[in-house]
Amino acid sequence: MSSPLWYPYTQMQNLPEPPLVTGGEGPWIHLADGRKLLDATSAWWCLIHGYRHPKMDAALHQQVDQLSHVMLGGLTHQPALQLAEKLVGITPEGLDRVFFSDSGSVGIEVAMKMAVQYQLQQGQQKRTQLMAVMRAYHGDTSGCMALCDPEEGMHQLFSGWLQQHPFTPAPRAGFNASPDDPLLLEDLELLRASFAQQHTHLAAFIVEPLLQAAGGFNMYSPLWLREVRRLCDQYGVLLIFDEIATGFGRTGSLFACEQAEVTPDILVISKGLTGGYLGLAATLASEAVFEGFYGDASRAFMHGPTFMGNPLACAAALASISIFEEENYLDKIARLNQVLHEELDDFTAPGVESTRVLGATGVLEASSPERLKGLKSYALDQGVWLRSFGSYVYTMPSYVIQPEQLREITQVMKGYFETS
Ligand SMILES: *Cc1c(COP(=O)(O)O)cnc(C)c1O
């Protein structure tokens, strides 16, 4: 391999040249050799309108002709003003302030810093830790890594270097658990015990609502989130929802927290925000959090990435949200959800431990990561771009995919276990 390009999460030794992508359309990736691949991953879950959506492309062309970038320190521009307004309008009531940054990880860093600075300015000098949840994934920067599952392989190596935060066990009761489900009751007890033990040092509690994504596709009960909200209120702890993966329809509602009817104090969104066209994150805050920074200069929020609120990214986000609304994406997502249930719910095969479906997310859990060794090349041979993650085979497709195309993907997911 001769290129100097260094790939993510990849052992570079003996790495074969990855397929060269030259274009795409809808759910299809176009390769230089003429092949087309159905994308089961929507490019790490962000390309919600698929490749080259005409309205997205047009909005970006238009913005390039006006203004590609300007600093947001001391100046402002329409795309950022409009997007902030729009995001306040579509997120749960009570999230009234919007801070932009350029990627999901940085959006989480902003949320952490906001929570800690807020507590310090409230005179809460001891509240400098966050409580996170086992099986969580919140990003790759050092602040975020410290909030990811400490036992899962990805960041274990760094454990001695990272900030130390307490963790509470991941909820095990599934999405449909009834209020008296013994597993749920146990989950809630463990959660209460963690809060009782840790609360004096906590600035905030952070969690991915309903679906812990990259940490193992854990789909859990909304009732657990309600208890999280209650405990945060009881103990004066801010609640941060990381909806970077779940936001923009992935769990079936625009934001996952709607299904639990819980509003966090701080909400972070990114991936689907620009329809996957450009890096952008938004950290939304309640008016109460915002007021903690209001006053003389010394109380200002001390953060400001260079590319914060980039006009191209904001224009892409505005276009993406209007497509989502105008083209009834929640209906599309409901149809995809039905296909995933039909295809995956009753599937059994040697090596398949469990199946899970939520919104436009479908998962097969394998008995071990080794069981999935041949998956990528098996799928490539069938014209599908599918990646495993640990011992999970998942699809999180774009919402423009047609039901029969999604069935092609689930056939490949299942076919792998049936033939190998
Ligand atoms: C992807 C992801 C992040 C990190 O976002 P980046 O843009 O990759 O930095 C954080 N939290 C969740 C839940 C994610 O899925």
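Let me begin with one residue, Leu 20, which lies in the segment before strand β1. Please keep in mind throughout that what we have here is a predicted model. Is Leu 20 buried or exposed? With a relative accessible area of 58%, Leu 20 counts as exposed, because the cut-off for that word is over 50%. If we leave aside the neighbours within four places in sequence, Leu 20 is in contact with His 30, Leu 31 and Ala 32. Ala 288, on the other hand, is 268 residues away from Leu 20 in sequence, and the two C-alpha atoms are 49 Å apart in space.

From there we can step back to the domains. The domain assignment of the protein gives domain 1 as 12-52 + 328-419, and domain 2 as 58-326. The contact between them takes 27 residues from domain 1 and 29 residues from domain 2. Taken over C-alpha atoms, the centres of the two domains are separated by 26 Å. Together domain 1 and domain 2 bury about 2,400 Å² between them, and 66% of that area is on carbon and sulfur atoms.

Let us now look at the sheet that contains β1. Four strands form this open sheet, in the order β1-β2-β3-β15, and the pairing is mixed. The edge strands are β1, residues 21-25, and β15, residues 384-385, each of which pairs on one side only. Strand β3, residues 36-39, pairs with β15 in the parallel sense over two bridges, and Leu 38 is the residue that stands opposite Val 384 in β15. Helix α13 packs on this sheet, where it touches β2 (28-31), β3 and β15, and its direction makes about 90 degrees with that of β3.

Helix α13 itself runs over residues 403-419, which is 17 residues, and it reaches 24 Å from its first C-alpha to its last, close to the 24 Å expected at 1.5 Å a residue. Which residues of α13 are buried? Among them are Leu 406, Ile 409, Val 412, Met 413, Tyr 416 and Phe 417, and the list also includes Gln 405 and Lys 414.

A second group of strands deserves a careful look, and its middle member is β14. Why can we call β14, residues 361-366, largely enclosed by the rest of the structure? Six of its six residues are buried, so the strand is largely enclosed. In a regular strand the side chains alternate between the two faces of the sheet. For β14 both faces are covered, since Thr 361, Val 363 and Glu 365 on one side are buried, and so are Gly 362, Leu 364 and Ala 366 on the other. Strand β13, residues 352-358, pairs with β14 in the antiparallel sense over six bridges, and here Val 357 stands opposite Gly 362. The two strands form a hairpin with two residues between them, and Gly 359 in the turn has a positive phi of about 55 degrees. β14 also pairs with strand β17, residues 392-395, again in the antiparallel sense but over four bridges, and Gly 362 stands opposite Thr 395 in β17.

That glycine brings us to backbone angles. Most residues other than glycine have a negative phi, and most peptide bonds are trans. Trp 44, in helix α1 (residues 42-45), has a phi near 55 degrees, a positive value in a residue other than glycine, and at 43% relative accessibility Trp 44 counts as partly exposed. Arg 52, found in the loop between α1 and α2 (54-64), likewise has a positive phi, near 50 degrees, and Arg 52 is exposed, with a relative accessible area of 56%.

Finally, there is an open sheet of seven strands, in the order β4-β12-β11-β10-β7-β5-β6, with mixed pairing. The strands β4 (95-101) and β6 (167-168) stand at its edges with a single partner strand each, so one side of each is left without a neighbour in the sheet. Within the sheet, β7, residues 202-207, and β10, residues 238-242, pair in the parallel sense over four bridges, and the bridge partner of Ala 204 in β10 is Leu 238. My last residue is Ser 194, which sits in helix α6 (residues 182-198). Ser 194 is buried, with a relative accessible area of 9%, and, not counting residues up to four places away in sequence, Ser 194 touches Met 131, Thr 168 and Pro 169.

Methods
Residues are numbered from 1 along each chain as its sequence is written. This is a predicted model: local features need pLDDT of at least 70, side-chain atom pairs count only at pLDDT 80 or more; totals for chains, interfaces and linings use all residues. Side-chain values use heavy atoms; hydrogens and water are left out. The expected span of a helix is 1.5 Å times one less than its number of residues. Buried means under 20% relative accessible area, exposed over 50%, partly exposed in between (1.4 Å probe, protein chains only). Two strands pair if DSSP finds at least two bridges between them. Contact means heavy atoms within 4.5 Å. Axes are lines fitted to C-alpha atoms, for helices over the stretch in contact, and angles run from 0 to 180 degrees between N-to-C directions. Domain bounds come from an automatic or database domain assignment. Buried area is the accessible area (1.4 Å probe) that two parts lose on being put together, summed over both.
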